[in-house]
Amino acid sequence: MSIENNFLDTIVAVATPTGSGGISIVRLSGKESLDIAKKITKKDTFMPRFAHLGMLHDSCDELIDEAIVIYFKNPNSFTGEDVVEFQTHGGDMVSSLIVDECIKNGARLANPGEFSKRAFINDKMDLTKAEAISALIDAKSKDAVKLLSKQLNGELKEFVDTIRDQLVEILAFIEVNIDYAEEDLPKDLEDQILKKLHDISQKLSQTLLSSSLREGMIDGFKISIIGKPNVGKSTILNRLLSFDRAIISDIAGTTRDTIEESLRVGTHLVKIVDTAGIREGREEIEKIGIERSIKSSYESDIILAIFDLSRPLDDEDEKIISLLEELKDKDIIVIYNKSDKDSEVFDKTKLSDYKSLLFSKEHSIEEIVENIKTILDKQNYDDGLVLISKRQVDAVKVANDAIKESMSNLEIEELELFAYNINDAITAISSITKSFDRDEILDKMFGNFCLGK
Ligand SMILES: Nc1nc2c(ncn2[C@@H]2O[C@H](COP(=O)(O)OP(=O)(O)OP(=O)(O)O)[C@@H](O)[C@H]2O)c(=O)[nH]1
Ligand SMILES: [Mg+2]
């Protein structure tokens with residue numbers, strides 16, 4: 001069904017989560033909203049944006065609940081349409097009875113995200129704000145809230161609009177030249193345009209980079225505990241989690257598969273992964289477990305590399321040291337474990353470049369937590385824009401590639417191809433705030449929202 005047909009309907013849904021609570025909010029949006037509210041409350045007038053105390057009745061004239069009713073007259077509402085919100089006593093029964101009454105009086109049940117979709121269509125929000133709202137609902141850490149609220153405030157929209165305006169200006173200028181100029185583009189003008197495009201491309205590359213560095217702020221940072229078998233990885237995992245999640249034993253190769261759990265460190269959300277001890281695999285299942293350990297370390301933001309101080313450094317430790325060499329771009333903490341035992345035998349020389357910590361089951365786990373927290377606290381929310389969805393990242397990549405191609409075409413005076421590239425870049429960058437394939441993209445995006453939003 002097209003947006004336009006759907007648009008005529010008045011929609012209703014419970015906007016608050018299911019279960020018991022202080023209040024539930026039922027939200028109505030569309031042309032019929034006010035009439036439906038009048039029927040259910042038996043009130044004739046509603047002053048916009050005023051809280052009215054009213055008695056809600058069903059079609060048999062029986063009382064459902066006493067509720068606060070607020071009318072938002074279009075366009076001054078969340079969706080831009082006439083909206084009525086009923087604040088009822090919490091609990092699923094009352095709110096679902098009110099939804100039923102609204103449906104009996106002409107509304108239909110809203111699809112997930114339909115209120116936000118209408119807000120977008122009525123220019124109440126652009127797509128970056130819609131995505132920020134959707135992610136904010138699912139936010140699991142203070143980091144995520146801080147980042148998303150910046151996007152909610154229009155930071156990404158402003159960035160996109162500025163770049164689009166600059167590209168449009170360049171395109172307009174070049175198109176005039178294609179149509180009227182007899183001669184080649186003057187060299188100084190070409191240089192000016194190239195410089196502008198170079199600056200834009202750098203900004204886009206920087207945004208892609210800062211987004212990938214800050215991915216963990218929204219989804220949670222990933223930490224892998226790695227090491228050869230029997231060094232005490234699972235013991236550390238259990239102590240970080242404060243419960244016995246992983247099996248611990250003195251048999252090397254106890255953990256056979258990766259074990260992933262969530263953990264809060266200060267204001268940060270982390271995924272902590274205990275891995276199978278890395279060594280030359282003895283049999284097929286162990287080999288698969290070890291492959292997973294290595295994969296997990298490549299996907300992590302922070303590595304806790306555990307070494308057993310009570311045993312001399314051996315080939316298996318050397319393998320871990322080589323792996324650490326390959327993971328140099330990550331934050332690595334080397335943990336010299338089992339320092340309660342005879343700890344003179346282990347040669348630390350090859351690990352001297354890494355940040356390290358002496359540890360044992362007699363040490364406080366807070367020592368490790370503090371080190372992780374220091375690394376995570378370094379993450380900065382303030383500089384650099386962050387793209388929060390794959391859709392946004394893809395659009396910036398396409399725009400940046402088109403701009404790079406346009407520069408090559410400008411250098412060889414292929415002005416028509418150049419204009420074509422800039423057009424592509426404008427389309428891609430614009431799609432971050434406004435969608436061109438409206439129906440398809442909107443259904444995909446808003447379909448992920450929860451009901452009543
Ligand atoms: N003395 C001493 N023993 C420890 C310490 N940490 C762990 N252990 C013991 O070392 C053995 C191995 O511990 P695990 O935590 O299972 O080691 P792991 O690295 O997960 O081993 P795999 O899963 O086999 O790779 C167990 O017997 C633990 O009790 C420590 O700090 N000091
Ligand atoms: Mg283990």
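This briefing describes two bound ligands and several individual residues. The structure is a predicted model, and every value below was computed from it. The magnesium ion (ligand 2) is held by protein donors from Ser234 and Thr255, while ligand 1 sits in the second largest pocket. The points that follow begin with these two sites and then turn to single residues in helix α8 and in several loops.

**The magnesium ion**

- The protein donors of the magnesium ion (ligand 2) are the OG atom of Ser234 and the OG1 atom of Thr255, which lie 1.9 to 2.0 Å from the ion.
- Ser234 belongs to helix α9 (residues 233-241), whereas Thr255 belongs to the loop between α9 and β8 (259-265), so the two donors tie together parts of the protein that are 21 residues apart in sequence.
- Ser234 and Thr255 are both buried, and for Thr255 the relative accessible area is 13%, which is under the 20% limit for a buried residue.
- The side chains of Thr255 and Ser234 also make a polar contact with each other, at 2.8 Å.

**Ligand 1 and its surroundings**

- There are 22 residues around ligand 1, and those that come nearest are Lys233, Thr235, Gly253, Thr255 and Lys361.
- Thr255 is thus named at both sites, being one of the residues that come nearest to ligand 1 and also a protein donor of the magnesium ion.
- Helix α9 gives the most to the shell around ligand 1, contributing three residues.
- An oxygen atom of ligand 1 lies 2.9 Å from a polar backbone atom of Gly232, and an oxygen atom of the ligand is found 2.8 Å from an N or O atom in the side chain of Lys233.
- For Thr235, an N or O atom of the side chain is 2.5 Å from an oxygen atom of ligand 1.
- Taken alone, ligand 1 exposes 660 Å², and the protein buries 91% of that area.

**Two residues of helix α8**

- Ser210 has its place in helix α8 (residues 187-219), and it counts as buried because its relative accessibility is 3%, under the 20% limit.
- The side chain of Ser210 reaches the backbone oxygen of Thr207 at 3.3 Å.
- Ser210 and Val160 are 50 residues apart along the chain, and their C-alpha atoms are separated by 16 Å.
- Asp219 is also found in helix α8, but this residue is partly exposed, with a relative accessible area of 48%.
- Between Asp219 and Ala144, which are 75 residues apart in sequence, the distance in space is 7.9 Å from C-alpha to C-alpha.

**Backbone features in the loops**

- A cis peptide bond, with omega at about 5°, joins Asn74 and Pro75, and Pro75 is placed in the loop between β4 (63-72) and β5 (83-89).
- Asn230 has a positive phi of about 70° although it is not a glycine, and this residue lies in the loop between β7 (221-226) and α9.
- With a relative accessible area of 25%, Asn230 is partly exposed.
- Lys338 likewise has a positive phi, near 60°, in a residue other than glycine, and its place is the loop between β11 (331-337) and β12 (355-358).
- Lys338 is buried, however, with a relative accessible area of 18%.

How values were computed. Residues numbered from 1 in each chain as written. Chains lettered and ligands numbered in written order. Predicted model: local features only at pLDDT ≥ 70, side-chain atom pairs only at ≥ 80, totals over all residues. Heavy atoms only, no water. Donors = N, O, S within 2.8 Å, 3.2 Å for Na, K, Ca; no water. Helix = DSSP H or I, 4+ residues; strand = E, 2+ residues; numbered from the N terminus. Buried < 20%, exposed > 50% of the residue type's maximum accessible area, 1.4 Å probe, protein only. Near = heavy atom within 4 Å. Polar contact = N/O pair within 3.5 Å; in protein donor to acceptor, adjacent residues only side chain to side chain. Areas by Shrake-Rupley, 256 points an atom, 1.4 Å probe, with all protein chains shown as cover. 1 Å grid on protein atoms, 1.4 Å probe; cavity = no way out; pocket = protein on both sides within 12 Å on 5 of 7 lines; lining within 4 Å. Sits in = over half its atoms within 2 Å of the grid points.
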